[in-house]
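Subject: The structure I promised you

Hi,

Here is the structure we talked about, ready for you to open. Have a look at it first, and then read on for my notes.

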Amino acid sequence: MQNPEVFILAIESSCDDTAAAVLHNDKVLSNVVANQLIHNQYGGVVPELASRAHQQNIVPVIDAALRKANVQKEQLSAIAFTQGPGLMGSLLVGTSFSKSLSLALNVPLIAVNHMHAHILAHFIDEEGYDKPEFPFLALTISGGHTQIVKVNSFFDMEIIGETTDDAVGEAFDKSAKILGLPYPGGPLIDKYAKEGNPKAFPFTKPKVPGLDFSFSGLKTAILYFIQKNKQQNPNFIEENLNDICASIQHTIIEILMDKIKLAVKETGITQIAIGGGVSANSGIRNTLKEAESKYGWKTFIPKFEYTTDNAAMIGIVGYQKYLSNRFETSSVVSKARIKF
């Protein structure tokens with residue numbers, strides 16, 4: 001029987017966002033994120049600057065999360081934190097703080113795999129959002145990961161397809177950089193794609209066997225395409241930006257959908273959930289929603305605020321682990337790479 005009074009404080013610090021959330025069982029009471037805008041001027045995340053910013057942000061963010069939830073530290077049942085994967089310096093800030101707070105409050109410490117959290121964010125109790133039933137297929141798409149995961153239960157997941165080189169988020173951001181768009185460029189491609197023709201410029205899809213992905217060849221093809229056309233017309237990008245973005249996005253979505261369709265065929269599972277930062281992309285969300293009527297699937301798209309890095313998703317895994325007594329000792333360590 002579930003304890004009706006489980007309060008989880010969750011801390012996320014895997015990359016460049018410092019986040020804290022408070023959950024009452026599977027319901028989110030607060031979900032606070034501090035973004036690090038300093039990286040924009042460098043065109044990407046600078047690890048050393050990220051870890052310093054986490055040190056500055058972590059106390060105010062946790063304080064804001066507790067105040068917004070109207071929960072006192074003494075009410076907390078456990079502290080959940082991101083153990084990995086991520087930037088080591090960033091992870092260490094969250095891990096060290098979580099250990100200290102767990103010790104000070106004498107409550108259990110719960111380590112969470114960041115990628116598991118992206119998948120299990122679908123189990124947050126949110127009005128208007130259904131929860132998938134086991135087993136289901138999860139497409140986790142972010143700046144560092146592209147995976148198809150067969151999810152049998154909360155703690156039984158199997159990667160059945162993944163990228164052999166670059167992740168889909170990197171393909172979006174690098175394409176944006178080629179077009180001269182500021183970092184982060186993925187959301188800008190999505191924005192301009194809405195006004196463009198997705199069939200204007202066809203790009204060849206990589207031929208990768210099975211359920212694995214590859215995006216490095218596509219990035220190279222886009223680079224050569226832009227270079228060639230700029231030689232003929234220096235204003236090519238400016239004159240065709242919407243169509244270029246729409247064509248890039250259309251190709252990436254087709255690559256993802258081809259693999260999901262194959263995964264459904266191979267497993268017989270027709271429940272599909274997406275997670276990770278790139279699942280915020282409107283083109284991907286719309287295409288997956290259309291697949292419900294087109295292929296007879298049941299699709300699950302997370303609330304927008306649970307797509308990018310956030311602590312609420314860490315908290316829901318923490319809650320499930322709390323119910324199963326899956327706790328850690330203070331000897332637990334951060335891991336930049338962690339076994340899935």
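Below is what I found, going from the whole chain down to single residues.

Before anything else, please keep in mind that this is a predicted model.

**The whole protein**

The protein has 9 helices and 10 strands. Put in a box along its principal axes, its C-alpha atoms take up roughly 65 × 45 × 30 Å. Is that what you'd expect for a compact globule? What I can say is that the radius of gyration is 21 Å, and a compact globule of 340 residues would come out near 20 Å, so the two agree. Of the 340 residues, 52% are buried. Among contacts with a separation of 6 or more, 72% are between residues 24 or more positions apart.

On the outside, the accessible surface is about 15,500 Å², and carbon and sulfur atoms supply 50% of it. As for charge, there are 31 positive and 34 negative ones, and the mean positions of the two sets are 3 Å apart.

**Aromatic rings**

How many aromatic pairs are there? The count comes to 13. One of them is Phe134 with Phe136, a stacked pair with 5.8 Å between the ring centres and 25 degrees between the planes. The two partners differ in cover: Phe134 has a relative accessible area of 31%, so it is partly exposed, while Phe136 has 0% and is therefore buried. Phe213 and Phe215 are stacked too, because their ring centres are 6.2 Å apart and their planes meet at 10 degrees. Here both Phe213 and Phe215 are buried.

Phe134 and Phe136 also belong to an aromatic cluster, together with Phe123, Phe154 and Phe155.

**Two cis prolines**

Check the peptide bond between Gly84 and Pro85: it is cis, with omega at about -5 degrees. Pro85 sits in the loop that runs between β4 (78-84) and α2. Another cis bond links Tyr183 to Pro184, again with omega at about -5 degrees. You'll find Pro184 in the loop between α4 (168-178) and α5 (186-193).

**Two asparagines with positive phi**

Asn70 is not a glycine, yet its phi is positive, near 60 degrees. Its place is the loop between α1 (47-69) and β4. Is Asn70 buried or exposed? Its relative accessibility is 63%, so it counts as exposed.

Asn106 has a positive phi as well, at about 55 degrees, and is likewise not a glycine. This residue is in the loop between α2 and β5 (109-113). With a relative accessible area of 69%, Asn106 is exposed.

**Three more residues to click on**

Start with Ser98, in helix α2 (residues 88-105). Its relative accessibility is 0%, so it counts as buried. What does Ser98 touch, leaving aside neighbours within four places in sequence? The contacts are Ile11, Ile79, Phe81 and Leu109.

Next is Val264, which is part of helix α7 (residues 236-267). Val264 has a relative accessible area of 11%, and anything under 20% counts as buried, so that is what Val264 is. Not counting residues up to four places away in sequence, Val264 is in contact with Leu137, Ile269, Thr270, Ile272 and Trp297. If you'd like a distance to try out in your viewer, take Val264 and Pro209: they are 55 residues apart in sequence, and their C-alpha atoms are 16 Å apart.

Last comes Gly277, in the loop between β9 (271-275) and α8 (282-295). At 27% relative accessibility, Gly277 falls between the 20% limit for buried and the 50% limit for exposed, so it counts as partly exposed. Which residues does Gly277 touch, not counting those up to four places away in sequence? They are His118, Ile141, Ser142, Thr307 and Thr308. Asp309 is worth a look here too: Gly277 and Asp309 are 32 residues apart along the chain, with 6.8 Å between their C-alpha atoms.

That's the tour. Shout if anything is unclear.

Cheers

Terms used:
Residues numbered from 1 in each chain as written. Predicted model: local features only at pLDDT ≥ 70, side-chain atom pairs only at ≥ 80, totals over all residues. Heavy atoms only, no water. Helix = DSSP H or I, 4+ residues; strand = E, 2+ residues; numbered from the N terminus. Rg over C-alpha atoms; globule rule 2.2 N^0.38 Å. Buried < 20%, exposed > 50% of the residue type's maximum accessible area, 1.4 Å probe, protein only. Contact = heavy atoms within 4.5 Å. Areas by Shrake-Rupley, 256 points an atom, 1.4 Å probe, with all protein chains shown as cover. Lys, Arg positive; Asp, Glu negative; His and termini not counted. Charge placed at Lys NZ, Arg CZ, Asp CG, Glu CD. Phe/Tyr/Trp six-rings, centres within 6.5 Å; stacked < 30°, edge-to-face > 60°.
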